[in-house]
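Me: I would like to go through some of the labels attached to this model and ask what each of them rests on. Please set the values against the cut-offs where the reasoning needs them.

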Amino acid sequence: MYHHGNKVIDEHRQGEALMLTHEGKKKLYIESYGCQMNFSDSEIVASILSKEGYATTKNPEEADLVLLNTCSIREKAEQTVRNRLSHFHAIKKQNPDVKIGILGCMAERIKEKLLEEEKLVDIVVGPDAYRDLPNLIKEAEDGRKAVNVLLSKEETYGDVNPVRLGGNGVTAFISIMRGCDNMCTFCVVPFTRGRERSRNPQSIIDEAKMLQDAGYKEITLLGQNVDSYLWYGGGLKKDFAKASEIAKASAVRFAQLLRSVAEAVPGMRIRFSTSNPQDMTEDVLHTIAAYDNICKYIHLPVQSGSSRILKAMNRGHNREQYIELVDKIRKIIPDCGLSHDMITGFPGETEEDHQDTLSLMEYVKYDFGYMFKYSERPGTYAARHFKDDVPDEVKTRRLTEIIDLQQKHSLYRNQQHIGKIEEVLIEGISKRSNEHWFGRNTQNTVVVFPKENAKPGDLVKVKILECTSATLLGQIVH
């Protein structure tokens, strides 16, 4: 797993092709890169195109339409997509009728380059323009270059039922909002995904019920910044101030949404991601504590333990405020699992700032974390205004120290579970052994145990017997 800003990037899934079972006259091949939002968006795209007669295929050679859902978070992702494009270009030489398209976060940034200069793609579609795909495909078939990278104030795809692709049939993601208003100086998301707007709460509840009916056992409410969820009839979050008094009075915020979903599907586990410390309110914590089916786990990115660096990152909170929030979480939800994101080597970071990060980690002792070196992204405030002045070998050493400390804390936190009996949702077969299931406890820690008479989707009681820094090991108790 890899984490950047507010996004979990699962290394095992990069470049995964989406596969659906329904029949269609035309074949769609779609590959996804980047964060969970992108994989979720690919399911929306598959749904929109299934209405146009497209069925998915795992084989790009037989496709009529090849789409890459892209990510701009780091250079590596862009390089991979470029390599894939030249591979698909070779396929196009064999079959000139195949159309190639770029979706997602890279679309806006390199549209001219890909379309005009390198002529690698026929279609370029930004994250808010997926409904326009049928028109854009017709344009491309008529020999015109088709582009729509307009960011929208309204689009949430609230009425599109995603086609669930390549999942385990047990856990699923529901997008509750799009875009981000936070403007952290290192992050490209507000530029690639636009301003923040929330999805109609009723459509979220309906999707949760639909997933429950389809046999799913856990849902994760997904957004770049779930804590600032705000529904007042539609529109951008920043326009809330202009809303009518009635709209303001009946507005739904994240704590209410969480409560409504928990009550609508009491038999399902509920998680959410990602939280921003400055937007997390106490009523959300009380809601988590009050409902058994809301998991006791919060992913709480901090990025740095130094208030000076947090200010340069425009994070909207300082070290003291973050610690205060952690204390509040520990008080209201004593058994809550906590994970973090950490960036080391941000421009201007001194050895003292780095020590502040280590001491914050010592204070919190996170269950796990996503840690990486700062890499400059074109278009961000940091790229325009700050010099990337921490030498790479210093970044590497600091990152190693952060990772080593986190492993120590992960082991410490996991040891606290030994001897306890915990409820685990079985997700599938353990990677290491066919004789074992793996699942997660409420704190989101992976638990591995012998199969016995259980199956994926079962909630089982597991006694924790031992652990590593990454995994709990146990056995089912009857």
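Me: How many salt bridges does a search of the whole structure find?

Reply: The model is a predicted one, and a search of the whole structure finds 31 salt bridges.

Me: What makes the contact between Glu-282 and Lys-328 a salt bridge?

Reply: The side chains of Glu-282 and Lys-328 come to 3.4 Å, N to O, and since a salt bridge asks for a Lys or Arg side-chain nitrogen within 4 Å of a carboxyl oxygen of Asp or Glu, the pair qualifies. Glu-282 belongs to helix H10 (residues 282-290) and Lys-328 to helix H12 (residues 319-332), so the salt bridge ties together parts that are 46 residues apart in sequence.

Me: Why is Glu-282 called partly exposed?

Reply: The relative accessible area of Glu-282 is 38%, and because the term covers what lies between under 20%, called buried, and over 50%, called exposed, Glu-282 counts as partly exposed. Lys-328, at 32% relative accessibility, is partly exposed too.

Me: Which salt bridges link Glu-349 and Glu-351 to arginines, and what parts do they tie together?

Reply: Glu-349 meets Arg-398 at 2.9 Å, N to O; Glu-349 sits in the loop between strand S18 (337-344) and helix H13 (351-364), while Arg-398 is in helix H15 (residues 392-415), so this pair ties together parts that are 49 residues apart in sequence. Glu-351 pairs with Arg-397, with the closest N and O atoms 2.7 Å apart, and here the parts tied together, helix H13 and helix H15, are 46 residues apart in sequence.

Me: Are Glu-349 and Arg-398 buried or exposed?

Reply: Both Glu-349 and Arg-398 are buried, that is, under 20% relative accessible area. In the other pair, Arg-397 is partly exposed at 35%, and Glu-351 is partly exposed at 32%.

Me: How do you know that strand S23 pairs with strand S20 and with strand S24?

Reply: Pairing asks for at least two bridges between two strands. S23 (residues 459-467) and S20 (residues 421-429) have five bridges in the antiparallel sense, with Ile-421 opposite Lys-463. S23 and S24 (residues 471-476) also pair in the antiparallel sense over five bridges, with Val-462 opposite Ile-476, and a hairpin through three residues joins S23 to S24. Both pairings therefore meet the requirement.

Technical notes. Residues numbered from 1 in each chain as written. Predicted model: local features only at pLDDT ≥ 70, side-chain atom pairs only at ≥ 80, totals over all residues. Heavy atoms only, no water. Helix = DSSP H or I, 4+ residues; strand = E, 2+ residues; numbered from the N terminus. Buried < 20%, exposed > 50% of the residue type's maximum accessible area, 1.4 Å probe, protein only.
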